[in-house]
Amino acid sequence: MAAPVPPGAPRPGANARQQSPHPNFNPNFQTNPNSLADNMQNMNLNRPHSMPNSGPRPSPFGQPPPFPQSSVTAGFPVASPPMSRPGPPPGMVGRPAVIPAGPPQTTLPANVPPGRPVGLPVSHPPPFGSRPPPASLSSSTGGVVLPSSAFPSSGVSSASAAPPPSGARPSSFVSSSPLTGGPAGPMSRAPAGPSSNGPPAVGAGALPGAPRFPPAAIVSQPPVGPPPSMMSARAPAQAPTMRSVLGSSAVSSPQTPPLPSASSPFPAMTQARPPPLGSPYGPQTWSMQPQQGTQPPHIPGSTHAQPPRMFGMPQQALPNQAMTNIPPAMGQPGAPMSGSSKIDPNQIPRPIPNATPIVYETRHGNSANPPPPATSDYIVRDTGNCSPRYMRCTINQIPCTADLLTTSAMQLALLVQPMALPHPSEDPIQVVDFGESGPVRCSRCKGYINPFMKFIDQGRKFICNLCGFTDDTPRDYHCNLGPDGRRRDADERPELCRGTVEFVASKEYMVRDPMPAVYFFLIDVSMNAVQTGATAAACSAINQVISDLPEGTRTLVGIATFDSTIHFYNLKRALQQPLMLIVPDIQDVYTPLETDVIVQLSECRQHLELLLENIPTMFQTSTTAESCFGAAIKAAFLAMKSTGGKLLVFQSGKFSCTYSTFAVLEFLPSVGIGALSSREAEGRTNISASEKEAHKLLQPADKILKTMAIEFAEYQVCVDVFVTTQTYVDIASISVIPRTTGGQVYYYYPFSAVSDPAKLYNDLRWNITRPQGFEAVMRVRCSQGIQVQDYSGNFCKRIPTDVDLAGIDCDKCILVTLKHDDKLQDGSECGFQCALLYTTVYGQRRIRVTNLSLPCTNMLSNLFRSADLDTQFTCFLKQAAIEIPTCPLLQVRDHVTNLCINILLSYRKFCATVSSTGQLILPEALKLLPLYTLALIKSRGLRNDGRIDDRSFWFNYVSSLSTPLAIPLVYPRMFAIHNVDSKDGDESVLPPTIPLSSEHVCDDGIYLLENGEDALIYFGSSVDSSILQQLFGFTSVDEVPTQFVMQQFSNPLSKNFNDVVNVIRQQRCSYLRFTLCKKGDPSGMLFVSCMVEDKNANGPSYVEFLVHIHRQIQMKMS
Amino acid sequence: MSEMANMDPEGIDAIRMTWNVWPRTKVEASKCVIPLAASIAPIRPHTDIPMLPYAPLRCKTCSAVLNAFARVDFMAKIWICPFCYQRNHFPPHYAMISETNLPGELYPQYTTVQYALQSFPDPNNSNAPQLPPVFVFVLDTCMIEEELEFVKSAMKQAIGLLPEHALVGFVSFGTQVQVHELGFSDMSKVYVFRGSKEISKEQVLEQLGLGSAGRRPTVGYLKVLQNGYTNTGVNRFLLPASDCEYTLDTLLDELQTDQWPVQAGHRASRCTGVALSVSAGLLAACLPGTGARIIALVGGPCTEGPGTIVSKDLSEPVRSHKDLDKDAAPYFKKAVKFYDSLAKQLVSQGHVLDLFASALDQVGIAEMKVAVERTGGLVVLAESFGHSVFKDSFKRVFEDGEHSLGLCFNGMLEINCSKDIKIQGVIGPCTSLEKKGPNVGDTVIGEGNTTAWKMCGLNKSTSLTVLFDLSSTERSNVPGAANSQFYLQFLTSYQDPEGKTMLRVTTVTRQWVDSTVSSEELLRGFDQETAAVVMARITSLKMETEEGFDATRWLDRNLIRLCSKFGDYRKDDPSSFTLNPCFSLFPQFMFNLRRSQFVQVFNNSPDETAYFRMLLNRENITNAAVMIQPSLISYSFNSLPQPALLDVASISADRILLLDSYFSIVVFHGMTIAQWRNMGYQNQPEHRAFAELLQAPQADAQMIIQERFPVPRLVVCDQHGSQARFLLAKLNPSATYNNSSDIAAGSDIIFTDDVSLQVFFEHLQRLAVQS
């Protein structure tokens, strides 16, 4: 296959390492796809026409601001020297400002009169002009919260702190400099000056470690009072640093890098404040773009030791959070409304990616450390709580009462990804073997021993942190307590000091011997599949992937093909050639052999290879149009029933057969068939006409597949379906099976024999080689007062408390919603424990226990401050996906919007101190919520115009989607690639991201947009032909082919482009499916539809949406 | 012992009748005790039968074929049908007919003639190619390796023997049925059907991809002719033997015993029923009119799916006669019903089921009998696939040449008979076609209610027993010569092994006699051997079909009635009883019949009984008589080989006996002979005579074996040896342990309480003369 980049690192397991002592495959070893910051940077690009990426863009403030900004901008010549301006230290600075009192808010500049801010402690920044260091401020405030951006920002900030190098690009500049010289100063200070926004004080406290930067949050604490930043205002003066960034993003600024810069900024801030009003600059002049994303990671994986910064969470300390005010155009949506202002699109909150990995300790000083954004790059040190990769909560403090939670309008839920891929620099999960007796557990709730169980009475008893019961310590587990009340051996025992450990399961956890690793491949060979090349692609992919399967006698494989009948193959070595066994009775299928259909890989490798080579030709002349998907998987299931295992189905034909098949069982055949054909017809026409019908099509056609799926799950058969098709295949029905059995659907539509085989291979390879487990059971236990309400994801649930996972892998995430059944004690901690009992591919039975203990609070403001944007949004996303098949789309969209509005409303009502209704005030932590919500509304799954199958795929894909991938799915990353060669050598491979707005897309540019699954390459209409030639080998946009295969040409541009793609692939663990888009083509429309900030048929522009939200809040307030 | 060659009691017509002279009335007929019946061998070859290369002339009212008994008016070119007296004109091409220029069928000696017909009466295409015969092998794989090897090699040999153009299909089965697609060249490919589920013909066709398209004869007909054979896709499964021999060899080499696990204490799961259904379904895709055989090689009882005869649990034995009697065989009726429907399907397709069962346990022949017999299939029961009974018989099926069975397909028998004669039915390998007519009898025996029968498969030796009755209406006893003769005409059309369609017409005439006037004539027309065989067949039939039928009593009563009617005696004086020589052998036949495996079923398994009866019904009279009353030949120094009494007294220390009981041939060495042989005298030149004596019975045994199908089991034993029981069981127990004092030296005794022939006769005489 062409240049396949393995999506993930090779399975560690297989390789040498694994063999070693711990056969356990720890995912850890794997190379981690670096998760780069997924965040999109938010750029302040002002109409960047001219320079797309380069950093400093003068932002002409377009419309609004009375402020000089515009002028400023103007002043600046385009890109070039961004730095010139002594910008206020960008975001960072701003961030820190925490306002003790009220939640600080950053206001959007628009309406607010400048004066306001001043007075208020918390203040809302005056509209634009007023606030001096608006950005900074805001950010600072914001900073508190760890917005996803926080991380990165910190880095940035630091950078910013440093004197701006002359560097032309802000970004580079920023990034590079971070810690270095510049920082030093600030750092030290930081700690010192708590008062200031500076990160320091608190931070320092929190992190003894000192050298690290205090987290942004900390910074913010300072009561300084700086009002929440206003967006606009930016005091130029103050900003010692010049973060152009900040400036630019008035709004955004908040999020920007809190930390580092913070230190310096502070001062500014303070000052800024007052003056702000006047400050002409306002905002923006600096158009720089903070492209922090680019920064080269400081910490290469190796450097664990001293990661430059810690991600500290000051939060606890800080009472408030900052908020960004969005100065909305007041009442009116129309920007111009209040004469005062319009919203500056460049200043509204946008995600800012972080650059370098941060080291994050899960607990600090015996309290939980709020995790960095899921989409950022971080390295976890497990100090008692689990890595947030495994489990994270929507709110990092648990409301003591259900009422409090209801008031906040937020959801309380956990996102659990028990086998998530760790960062390569993280320590592997430790395996603990308690021998035959098995792990120590609470005798009442059966919770597993964990660091939060409290040992008392000289260690003779322990109190369960989950149910509160006092158990006797097993004699051979007894240990005396030290002076600190901990067991003396606590630090030596992983289960007592680590949030995540893995126990070796004893006999009592097995109902049978651990199952072998069974891989059964089922390939569609109907006429259509063969002719479109799908069969050949599948065979070739399988053939290549065989060598990646674990070695040894425990690995069993089987293969079958199907069209209107099912063909099994006897691969026994004794035979001269494989024997094809056809099961023709698809009404009522069965397996054609008890043995020999699934054989040890080592015994049949040659036969298998031969067979895979032959299959495409063997069926070349097939004229069978139907493919009996349902019957085929049922038959394959029967063959696997005794062991369980993975069933990998390559389906491309029409799905029809199944229905007629099963219909016969239950109904009159004609009814079944008839019903089907109409369904098919409707599916083909992509009906969007009647919503009602659409629902039906989004639901499985009948219950038979569901029943089957449950049976599969019961026998531990995990099904993955690779749909390679050119037509409607009824994903809604097909996906029931993977969803129930812990598998997933891969969707290649329209399948291209040219470009898709590589992806198919890589998807398959990752599917097989990624860390995974079989025959798993998972349960989440919570401390008293909280209980699990429901689980959702790809699994089968037979009893309410457990989920059964025929297969679980590192990419699967489960949403666990929680509810109160009692009050919690303020100041106490609430524990969550996820236990996953599973069998490794090497046949060991293990229990992976993941613990998270979070503080409880009675303060609403704490909730907002500790809200986890990524998790909350993922939760939204998944819930919306659940509703899609049963509710009209309009209703789903409204629901999503209302969730967003209600949270903001609650915040506005109970936490914000702003009195004017003229400002939209966002909690710092959730300031991107509106943007993501908007993106969600416009996403493929919630749009009206999508194909039925696309929508089905979308909501099924979402159901198991992990948090880090959820955001890019709706708010993809966009990069410019026509100038990927122009960056400096020391930066990270990825170019800066660009906001998803068409105003940032130039006609002479080429852009790459990726959401973790698909990638669009967009060609402007007047792209330089030499660039085209260098990157793609053709010279005119007219020659853009419909199908694309990555190629590397020998020029730096092409090399860089390939590097970029490969980095993205690694990050996403996905090979990406490329689509080439050309302006003026239907493909171009596809690209345009991804510009979520634009106004289009599917929804308002970002600005309009903010206005809409604001109005809604206003209405509800009054 | 080729009696046929020597005596040929059946002659050119291959017909033997119980009575060669018939009483005129139904009442009289019933007084004759032994029913009016004819045993016919419809296609027995005979050198004197003329082959006529044209179509026969048929009477326009009764459709009887022109025959030697028709009266012909050469001037008017008219012939008068002897059955209905209809006057028929000769068609124009008979214009040359004259007293000196007779067509073959009018020669008086040619009472049997054979017409060669076109396979398809297609006026447009007179050169229609013949359809090649089809052989579908259905192989059980639930057996031990060794047996499987035997049967594989037998199959390979058989395939080598098939004519090159014959189409071959292969189905193997165990827990599931595997239909091998021999025409798939890329790799071995099989269709697998589940064994537990009954499957209809339509399902089989659809699932094999032979769906309805093209199966309708009207559609496919012409194309077929163009292709040589069907265009329905069935040639994926059925390939000319020459094309697939290699494939099949390879396939057989790789074929393993059934891989599904068998629980300890359980029988293998074997779905014979479904396998046969599927094979029948596969053949349904062939064109109508194709001659096809399903050759089932079965190694054990069906335990899975339809046709199951016993559960898998070994603690439950396969049903015995006792179970059947007591209705304690839970699977029996269902299985019979299943095979009955299979038989119907096969008959409607015109295909044959052959059953080769080799197992120590029963395999369910009793249940499958209906399918085999109705389709005219062959059946062989052996203990092992390695045994010569199977091996040699199986080979015989496919062998060409002198001893070939002459397997023919798609036979149809029609019978025309004179007015007042009714046909009650036919016993033997055929199926009633339910063709009604004036000659159909009111009571039905065997396959009745018709004047036409289908014989999907038939061969040279196939025999049928036709049972007649007389019209109950008092005839207007028209005096006159015309009425003194009656006629029977048997028309048998069939496809010969080369695929040509033939029609054999046998017309016979017999005399009416007024038995009230002259019983002498009637007596002379009695055929004891035929009568015995017909009685045996009827008895078997009644035992199978009539609940609580007491065969022994029924036979005894009839024998007594017969003796009362035809014996000479004074009332109540047993000693005065004498029997006309024409009847003299009959009582002994009855005595042996009573003791035979046909009546004394309890010594045998239901499978064996079914097997014996099927052969009894399909063999000619001579062979059937041997089944009832074995022949015994004695070899000694003193005399030429000579028939010996079937009596224990025939055993002598210095004799060798050769017993032919049809199913087994026993060479029995007297004690002295055995001793001599053991001492090796036969190897010494001076004792050549002894060597020859030893050799003679062996040679005779081989002769019998060669001609017989199925090949009998050869038992060579010595007096007092354990195998001697095969002989002793058949002998009249004139000497038992009860009267062992008065036996000749060197003879033997039989440990039994059975009555001896002498005792039987005494009783018979006494009862016959009772008033």
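How many residue pairs are in polar contact between chain B and chain A? In this predicted model, the count is 12, with both residues of each pair at pLDDT 80 or more. The elements of chain B that give two or more residues to the side touching chain A are strand S11 (176–180), strand S12 (188–194) and helix H6 (241–254). Seven residues come from S12(B), the largest share of that side. Sorted by kind, the residues of chain B that touch chain A are eight nonpolar, seven polar and five charged.

Let's stay with S12(B) for a moment, since chain A has a strand that pairs with it. Strand S17 of chain A (residues 579–583) is joined to S12(B) by four bridges, and the two strands run parallel. If you would like a place to start looking, find A:Leu579, whose bridge partner in S12(B) is B:Ser188.

Charged side chains also meet across the interface, where three salt bridges are found between chain B and chain A. One of these links A:Asp588 with B:Lys197, at 3.6 Å from N to O.

Now step back to the interface as a whole. Here 20 residues of chain B are in contact with 25 residues of chain A. The size of an interface is often given as the accessible area lost when the parts come together. Between chain B and chain A, about 2,200 Å² is buried, and carbon and sulfur atoms give 54% of that area. On the chain B side, B:Met187, B:Arg194 and B:Glu254 supply 27% of the area that chain B buries against chain A, more than any other three residues.

How values were computed:
Residues are numbered from 1 along each chain as its sequence is written. Chains are lettered from A and ligands numbered from 1 in the order in which they are written. This is a predicted model: local features need pLDDT of at least 70, side-chain atom pairs count only at pLDDT 80 or more; totals for chains, interfaces and linings use all residues. Side-chain values use heavy atoms; hydrogens and water are left out. Contact means heavy atoms within 4.5 Å. Buried area is the accessible area (1.4 Å probe) that two parts lose on being put together, summed over both. A salt bridge is a side-chain nitrogen of Lys or Arg within 4 Å of a carboxyl oxygen of Asp or Glu. A polar contact is a pair of N or O atoms within 3.5 Å; within protein, one must be able to donate a hydrogen and the other to accept it, and residues adjacent in sequence count only if both atoms are side-chain atoms. Ala, Val, Leu, Ile, Met, Phe, Trp, Tyr, Cys and Pro count as nonpolar, Asp, Glu, Lys and Arg as charged, and the others, Gly among them, as polar. Two strands pair if DSSP finds at least two bridges between them.
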